[in-house]
Structures are given as structure tokens and as C-alpha cells.
Amino acid sequence: MTTTTPAPPAPPGPPPLDPRLRARRIEVRRAEARKRLHRLVAVLVVVGVLMIGGSLFVSPVLDVDHIEVIGTDHLSVEDVVAASGVEFGQPMVAVDRGNVARLVEEVPWVRQAKVTRTWPGTVTIEVRERTAVASVVGIDDQQYLVDRAGRVLGSDAMSTTPVPTLYGVGTPSEAGTVLSGEAASGALTLAVTLPAATPSGMGVFAIERLDTGRLTGTLALPDGSLATVLFGADADLEAKVVAFSTVLGSVDPTGLAVVDVSVPSAPSLTFG
């Protein structure tokens, strides 16, 4: 005889879910899905903007098309552009204005440079040049222009106005070097102050520092002859220049041979 064991009763099912709670859970899930979708869309928008912006910055639309150079007198536009490192066709965003200005200021003639970018494609380099106050003979027998600080600027062929020649102050080897030391300081002071103090019709032809340390000048007179100016030591150069200007402004320079202002309170003239 076969007996059958009855199956165990099924466990009771979960209690029926309140319809309001079911609706709330569905709404929460939908809200979370919407947030994830919004985040994804925002990320895609940012990536798209960055890609478009990046491609625009490196596209030909914003390349360097024009390089303007302002303020040059002795330098050529080509000199400044070559020193700047800026190239036609490079992205405008890649032009580092500070670095370009520093590169241009390494040119001996340049005292200060300012760089601006004008979109979509123009770079402007504004230059302030140094002022030549004298020339000096270099070791290669070339005549170099120098500024008031003794900075060697370049060939004197670039001078637009006559300047005195300095002797006994050193022999530079190239532009960009600087005349320094006691030998140069007094001569440079005279090169800066003496031309403006020289009466009309005369000119300062040369300034020399002798082996004795004393300073002399060569003065070009109206008739084409030359006169010697004795300044003595470096001391009281300002007073000596005033004495030079005063004594020459009150005499006829015809036949003048020597102007001695080594003692500024008692200047003397020699004719002959």
C-alpha cells in the first residue's frame, strides 16, 4: 500500500503594497533617472564646448595674420619681428605677451617693449628705443653708438644726429655690452650734458679721458677749426659745464685754441 505525504503549505506572500507607497517609489526612481540624464547631458555639453573652443583657438580663424611694430627709429620692423619670436600663422592664444616683450627688450636698442593682441589676428609690438649720446671705437675698429648708461647699441651708421666720440673709455667688442668703470663715467656725463650747453654754431667733436685721468674735449668752431677744452678731473663736472657755456656765450670764438674750465670758478680762454 502506497502512502502520499502531503506538501508543506506555501509561505504566506508579502502583504499587499499600499498604492500610495508604490506610486512614491516609482516617482523616486523616475526622479533619479532624470538627474542622471541631466548630468550626462551637462557633461556632453561641456565636452562639446571645450572641443569647439579648442578647435576654434587653433584654427586659422584665430591665427596671427598681422604683426604691427610701433615706435622704431633706428631698428627695422624685421629686426623687431625676428627678435619677438612671433610667427605668422601661429595661434593667437599661444602668443605670450610678457615673454615676447622680454625677447624684444634683449635687443640692445630697445629700452622697453609692450605687446598687445587684437583679435582675431593682430599682434602689436610697441617699442621705446634708447637714445644714443656718444660713439666709441670698438676692438674691431668699428664705431659703436652708446647710450647715457654706457650700453653699446650698435653701429654709428644708425645715428640720425651727430654725437661726440669717446676715447680712453674702453673698446667694446659687440652691441649689448656696457662701458663701465671710472674711465667711462665722467666721459659719459659730459657726453650727456655738454652738447646742450654748447653755444649755437659750435659742436662737441670728441671727449677723451687721458692716461692721467683728466678729461678733455674737442670743440668744433663755426669756422671749421677745432679748439681743446680742459675739464681736469671728474669732480664738479656740472659746474665745469656751466662755466664752459657761460664763458663761450660771451666771446667771439674766432681763433679760439683752448678753453680751460678745470677750475670752474676761474675759466680761461686761449686764442692763437
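1. The three-stranded sheet. In this predicted model, strands E1, E3 and E2 make up an open sheet, arranged in the order E1-E3-E2 and with mixed pairing. Strand E1 (66–70) and E2 occupy the edges, and each has a single partner strand, so one side of each is left without a neighbour in the sheet. From one strand to the next, the twist averages 15°.

2. The antiparallel pair. Strand E2 (residues 110–118) is paired with strand E3 (residues 122–129) in the antiparallel sense, over eight bridges. The connection from E2 to E3 is a hairpin of three residues. Two facing positions may be located along this pair: Arg-117 is opposite Val-123 in E3, and Thr-116 has Thr-124 in E3 as its bridge partner.

3. The parallel pair. E1 and E3 run parallel and are joined by five bridges. One point of reference is His-66, whose bridge partner in E3 is Thr-122. The side chains of E1 alternate along the strand. Ile-67 and Val-69 point to one face and are buried, whereas His-66, Glu-68 and Ile-70 point to the other face and are not buried.

4. Helices on the three-stranded sheet. Which strands does each helix lie across? Helix H2 (residues 77–84) lies across E1 and E3, and its direction is at about 115° to E1. Helix H3 (residues 97–105) lies across E2 and E3, running at about 150° to E2.

5. The contact of H2 with H3. The axes of these two helices come within 8 Å and cross at roughly 125°. At that angle H2 is oblique to H3. The crossing of H2 past H3 is right-handed. On the H2 side, Val-80, Ala-83 and Ser-84 take part, and they meet Val-100, Leu-103 and Val-104 in H3. By class, the residues of this contact comprise five nonpolar, one polar and no charged.

6. The nine-stranded sheet. A further open sheet is formed by nine strands in the order E6-E5-E4-E7-E8-E9-E10-E11-E12, again with mixed pairing. Strand E6 (152–155) and strand E12 (268–271) stand at its edges; each has a single partner strand, so one side of each lacks a neighbour in the sheet. The twist here averages 25° from one strand to the next.

7. E4, E7 and Thr-165. Strand E4 (residues 132–137) pairs with E7 in the parallel sense over two bridges. Ser-135 has Thr-165 in E7 as its bridge partner. Thr-165 belongs to strand E7 (residues 165–167). Is Thr-165 buried or exposed? Its relative accessibility is 11%, and Thr-165 therefore counts as buried. If neighbours within four places in sequence are set aside, Thr-165 is in contact with Ser-135, Gln-143, Phe-205, Ala-206 and Ile-207. Ser-135 thus appears both as the bridge partner of Thr-165 and among the residues in contact with Thr-165.

8. A helix across several strands. Helix H5 lies across E9, E10, strand E11 (256–260) and E12, and runs at about 145° to E11.

9. The contact of H4 with H5. Helix H4 (residues 182–197) packs against helix H5 (residues 237–248) at an angle of about 30°, the axes being 10 Å apart. Why do H4 and H5 count as roughly parallel to each other? Angles under 35 degrees are classed as roughly parallel, and the angle between H4 and H5 is about 30°. H4 passes H5 in a right-handed crossing. The H4 residues Gly-186, Thr-189, Leu-190, Thr-193, Leu-194 and Ala-197 meet Leu-237, Val-241, Phe-244 and Ser-245 in H5. The residues of this contact divide into six nonpolar, four polar and no charged.

10. The protein as a whole. The protein contains five helices and twelve strands. It has 272 residues, of which 33% count as buried. Among contacts in the protein with a separation of 6 or more, 48% are accounted for by residues 24 or more positions apart.

Terms used
Residues are numbered from 1 along each chain as its sequence is written. This is a predicted model: local features need pLDDT of at least 70, side-chain atom pairs count only at pLDDT 80 or more; totals for chains, interfaces and linings use all residues. Side-chain values use heavy atoms; hydrogens and water are left out. Two strands pair if DSSP finds at least two bridges between them. Helices (H or I, at least four residues) and strands (E, at least two) are DSSP runs, numbered from the N terminus. Axes are lines fitted to C-alpha atoms, for helices over the stretch in contact, and angles run from 0 to 180 degrees between N-to-C directions. Contact means heavy atoms within 4.5 Å. Angles under 35 degrees count as roughly parallel, over 145 as roughly antiparallel, 65 to 115 as roughly perpendicular and the rest as oblique. A crossing is left-handed if the near helix is turned anticlockwise from the far one by less than a right angle, and right-handed if clockwise. Ala, Val, Leu, Ile, Met, Phe, Trp, Tyr, Cys and Pro count as nonpolar, Asp, Glu, Lys and Arg as charged, and the others, Gly among them, as polar. Buried means under 20% relative accessible area, exposed over 50%, partly exposed in between (1.4 Å probe, protein chains only).
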